[in-house]
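The following note sets out comments on the structure shown below. The points are numbered for ease of reference.

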Amino acid sequence: MYWEKDIETIPREKLEALQLARLKESVAKASSSVFYGDLFRKIGLDPNDITTLEDVRKIPFTTKDDLRDHWPYGFLAVPKDDLVRMHSSSGTTGRATVIFHTLNDINEWTNIVARSMYMTGMRRSDVFQNIMTYGLFTGGLGFHYGAEKVGALIIPAGSGNSKRQIQLMQDFGTTAIHIIPSYALHLSSVFEEMGVDPKSDTQLAIAFLGAEPHSEKTREKIEQFYGLKAYNSYGLSEMDGPGVAFECPYQNGMHVWEDNFILEVVDPDTLEPVADGDGGELVMTTLLREGMPILRYRTKDLTRIIPGPCECGRTHRRIERIKGRTDDMLILKGVNIFPIQIEKKLMDIPGVGTNFLIVLEREGFNDLMIVKVEVQKEFFSGDLKQLEGLRRRIVEDLKSDILITPKVELVEPGTLPKSEGKAVRVIDNREE
Ligand code: ADP
Ligand code: ZN
């Protein structure tokens, strides 16, 4: 059940003492980088000023723009010769940021990924198919190294080529997969097309779902279609990548590996800490990173800490499923809407297929939200007009949640653009 029982179930006081000792070291290491060296001089912060965990707040936040402005080497805390690998973010919101690792950094990262996978029940007897892009994106190599450490047999399939993915699963008896949730939904329609039922025709038992926000409904849909248990996996390249926070068998929030990171949740407007259990923006600090320590990083991801202990016995706190990024929020007629709200509603309506797209248009002075929804194959007789009832139900259900009336367009199965990486959920045509 535990990969490293002592550290996973360490009493909170001990964990916090360990965090403080590591925070001091991390701040000292960071001060040898150009960025933090200059910053600490400017604000007169000495690593010795950190004497309690709360003192982390003496350190200013670091943002994605800071990383971009000091691109590529301004955050390096070791000579370049000590580095063994670089990764980058996916560039979802602008120029991709790069992160550099020493061999120790890779080993520590590998360990938390292994710990996460082991926690869900993956073992050396498993056959693990990694359906993620290998290369600069952290989801490929990050999981690969973790799975190798657990000792599973890895099929480094990479992303895309859906029919081949299914063939590999059947030929080699894949038991565990790592997959982007929107792609898992898309792949389900390819299974149907090929007449393969994952429940009876494969040995799939575990899926790791990560890299993009997805609702509980989407998880359920995937679990039911594939006949497996799906675990939410959260990470970001700035904090290594996958392995930062992961669901345990209780599937109720993701444990953040607090021996590796300090976790804070702040109000994204005031930047003050929120009350325990309240929602806000996740802020994270690396505790073990040598190559490129990052302190108080504003992830822009919205979540909350789930108060109280977890039934699994791990003492590392849990965060709730990510609601989206602060910059995913759509403001329409004064109402704030996150794409995941739309997803959640859609996935609950029988007849809705595996893909949708939100298009925002300006009509005169009005903003218009168009939701294009693929219908499910079995519901589709060749004539979308016959599905007016479904269309109206979608309008009503969305309206009841987001409070504005969207225009809903049903489209044929498989016709919306699909992505092999993170799904593009919103196209905003409002700016001229
Ligand atoms: P980018 O920030 O350019 O997308 P990354 O590849 O580093 O680059 O992606 C990290 C981001 O992906 C996170 O900050 C978060 O917004 C999103 N993400 C990763 N895993 C999850 C998850 N399980 N649930 C929701 N969002 C996730
Ligand atoms: Zn747990």
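1. Domain bounds, as used here, come from an automatic or database domain assignment. For this protein the assignment gives domain 1 as residues 1-326 and domain 2 as residues 330-428. The model is a predicted one, and the remarks below should be read accordingly.

2. The relation between the two domains may be stated briefly. Taken over C-alpha atoms, the centres of domain 1 and domain 2 are 30 Å apart. At the contact between them, domain 1 contributes 28 residues and domain 2 contributes 18 residues.

3. In the first part of the chain, attention is drawn to helices α5 (residues 103-119) and α6 (residues 138-150), whose axes come within 8 Å and cross at roughly 70°. Angles of 65 to 115 degrees count as roughly perpendicular, so α5 is roughly perpendicular to α6. On the α5 side the contact is formed by I106, W109, T110, N111, V113, A114, M117 and Y118, which meet T138, G142, F143, Y145, G146, A147, K149 and V150 of α6. Sorted by class, the residues of this contact are 10 nonpolar, five polar and one charged.

4. A second helix pair is α8 (residues 181-194) with α10 (residues 216-226); their axes come within 10 Å and cross at roughly 30°. The crossing of α8 and α10 is left-handed. From α8 the contact draws on P181, A184, L185, L187, S188, F191 and E192, and from α10 on T218, K221, I222, F225 and Y226. The contact of α8 with α10 comprises eight nonpolar, two polar and two charged residues.

5. Two backbone features deserve a check by eye. The peptide bond joining W71 and P72 is cis, with omega at about -5°; P72 is located in the loop between α4 (64-69) and β1 (83-88). In addition, N161, a residue other than glycine, has a positive phi, near 55°. N161 is placed in the loop between β4 (153-155) and α7 (162-172).

6. Which strands make up the open sheet, and in what order? Four strands form it, in the order β19-β18-β17-β20, with mixed pairing. At the edges are β19 (407-411) and β20 (426-428), each of which pairs on one side only. From one strand to the next the twist averages 20°. Strand β18 (residues 366-375) and β19 run parallel and are joined by five bridges; V371 stands opposite V408 in β19.

7. Helices α11 and α12 should be considered together with this sheet. Helix α11 packs on the sheet, where it touches β17 (352-363), β18 and β20, and its direction makes about 140° with that of β17. Helix α12, for its part, lies across β17, β18 and β19 and runs at about 140° to β19.

8. How do these two helices meet each other, and at what angle do the axes of α11 and α12 cross? The axes of α11 (residues 339-346) and α12 (residues 388-402) come within 10 Å and cross at roughly 135°. An angle of this value makes α11 oblique to α12. The crossing in which α11 passes α12 is right-handed. Q341, I342, K345 and L346 of α11 are in contact with I394, D397, L398, S400, D401 and I402 of α12. Among the residues of this contact, five are nonpolar, two polar and three charged.

How values were computed. Residues numbered from 1 in each chain as written. Chains lettered and ligands numbered in written order. Predicted model: local features only at pLDDT ≥ 70, side-chain atom pairs only at ≥ 80, totals over all residues. Heavy atoms only, no water. Axes fitted to C-alpha atoms, helices over the stretch in contact; angles between N-to-C directions. Parallel < 35°, antiparallel > 145°, perpendicular 65-115°, else oblique. Left-handed = near helix turned anticlockwise from the far one by under 90°. Contact = heavy atoms within 4.5 Å. Nonpolar A, V, L, I, M, F, W, Y, C, P; charged D, E, K, R; others polar. Pairing = 2+ DSSP bridges.
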